[in-house]
Amino acid sequence: MLSIGNVKVTSPLILAPMAGISDLPYRLINRSFGCGLAFTEMISAIALAHKSKNTLKMLSATADDRPLGVQLLGGDPETIKRALDIVSGYSFDIIDFNAACPASKVVSGGKGAGLLREPVKLQKLLKVMVENTSLPVTVKIRSGWDDTLINAEETALRAQDAGVSGLFIHGRTKTQGYRGTVDYNIIREVKEALKIPVIASGDALTPELIRKLFDETGCDGVAVARGALGNPWIFRDTVEHLKCGAVPSISNINETTRTMKEHLDLNVAFHGEKIGVLHFRKFFSWYTRGMTVKGLKVRAFRAGTRDEMLRLIDELQALPDECHSEQVGMT
Ligand SMILES: Cc1cc2nc3c(=O)[nH]c(=O)nc-3n(C[C@H](O)[C@H](O)[C@H](O)COP(=O)(O)O)c2cc1C
């Protein structure tokens with residue numbers, strides 16, 4: 001079983017953090033299909049230190065949303081200490097540090113993937129974190145800055161020296177962003193160099209690709225990001241696939257619409273009707289990816305109330321079977 005510090009993770013399939021997506025409803029839906037550990041989206045240490053209302057809401061969790069990691073983004077030790085102090089008042093199991101976000105405004109402030117060019121500074125920040133929390137600290141890195149600076153192994157060893165309990169590595173460089181091929185070799189090299197658990201990320205889009213990450217890198221776990229959008233079944237299907245090589249089941253429309261309704265209701269309960277429905281619009285599109293339902297998607301993007309959205313989900317369910325077919329993972 002995967003252990004990160006003292007945290008036992010019952011499945012090595014982990015829900016990766018995604019900004020603007022990884023809220024409590026999203027995490028609960030994915031947990032119901034078997035993800036073993038989830039994270040909040042990245043949370044700016046500065047915004048936390050200012051106790052911004054929207055940022056504090058990102059810390060919300062429930063007893064069935066465990067084990068749970070909070071991911072912090074920052075570049076300066078004092079702000080990080082203040083952020084740690086605030087999160088210590090909440091029930092998290094792991095503190096993760098983001099050294100992977102490629103967004104220009106993050107990187108230019110010496111944060112996120114910007115730290116990949118400053119491994120010594122990253123090591124110092126991680127040490128500060130380890131010394132200022134009783135929880136296990138993990139870090140998320142990328143393979144490197146660009147194809148002239150593939151330094152994940154050095155970065156990872158420095159992180160381990162700083163005392164982190166686990167390392168997440170997205171096998172793409174900062175410059176690649178979310179495009180291009182995933183470098184399985186660098187993930188394997190990092191895994192072989194470290195004693196702590198290494199969790200691989202990058203193109204975990206289908207059970208077959210998740211298996212490939214395990215097989216080609218020897219990683220201890222896989223973080224699923226875009227592959228879970230509108231496809232929480234990926235966790236259940238992957239367990240099946242890893243066990244017996246089965247081709248994943250295509251979820252049936254009744255299960256899809258039941259899950260959509262549950263997700264919508266969780267959204268409304270958590271965000272309120274207006275914002276909850278607004279957030280759900282993009283999920284409508286993800287849940288129906290690959291289906292022949294363009295008209296419904298367009299209407300879902302205009303829906304403003306729970307009832308309107310529920311009616312669209314009912315219409316989706318009532319469509320002839322051929323419209324529902326070919327629901328596949330994200331490409
Ligand atoms: C919309 C979006 C938001 C993301 N936000 C975060 C984030 O807040 N923190 C983080 O560490 N990674 C973030 N990521 C990166 C993912 O966690 C993951 O490492 C990356 O998407 C590669 O996995 P995939 O190719 O399987 O999607 C984000 C990715 C996407 C697509």
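Is Asp265 buried, exposed or partly exposed, going by its relative accessible area?

## Asp265 and its surroundings

In this predicted model, Asp265 has a relative accessible area of 31%. Residues between 20% and 50% count as partly exposed, so Asp265 belongs to that class and is neither buried nor exposed.

Asp265 has its place in helix α11, which covers residues 253-271. If one follows the chain from Asp265 to Phe280, the two residues are 15 residues apart in sequence, while their C-alpha atoms lie 9.7 Å apart in space.

## Where the ligand sits

The ligand is found in the largest pocket, and 17 residues surround the ligand there, of which Ala19, Gln71, Ser201, Asp203 and Arg226 come nearest. When this shell is sorted by class, eight of its residues are nonpolar, five are polar and four are charged.

## Polar contacts with the ligand

Several protein atoms lie at short listed distances from oxygen atoms of the ligand, and they belong to both side chains and backbone. A polar side-chain atom of Ser201, a residue already named among those that come nearest, is 2.7 Å from a ligand oxygen atom. In the side chain of Lys140, an N or O atom is 2.8 Å from an oxygen atom of the ligand, whereas for Met42 the atom concerned is a backbone N or O, at 3.2 Å from a ligand oxygen atom.

The ligand taken alone would expose 610 Å², and the protein buries 88% of that area.

Conventions:
Residues are numbered from 1 along each chain as its sequence is written. This is a predicted model: local features need pLDDT of at least 70, side-chain atom pairs count only at pLDDT 80 or more; totals for chains, interfaces and linings use all residues. Side-chain values use heavy atoms; hydrogens and water are left out. A residue is near a molecule or strand if one of its heavy atoms lies within 4 Å of it. A polar contact is a pair of N or O atoms within 3.5 Å; within protein, one must be able to donate a hydrogen and the other to accept it, and residues adjacent in sequence count only if both atoms are side-chain atoms. Accessible areas come from the Shrake-Rupley method with a 1.4 Å probe; for residues, only the protein chains shown count as cover. On a 1 Å grid over the protein atoms alone, a cavity is a set of points where a 1.4 Å probe fits but cannot get out, and a pocket is an open set with protein on both sides within 12 Å along at least five of seven lines; lining residues have an atom within 4 Å of a point. A molecule sits in a cavity or pocket if more than half of its atoms lie within 2 Å of its grid points. Ala, Val, Leu, Ile, Met, Phe, Trp, Tyr, Cys and Pro count as nonpolar, Asp, Glu, Lys and Arg as charged, and the others, Gly among them, as polar. Helices (H or I, at least four residues) and strands (E, at least two) are DSSP runs, numbered from the N terminus. Buried means under 20% relative accessible area, exposed over 50%, partly exposed in between (1.4 Å probe, protein chains only).
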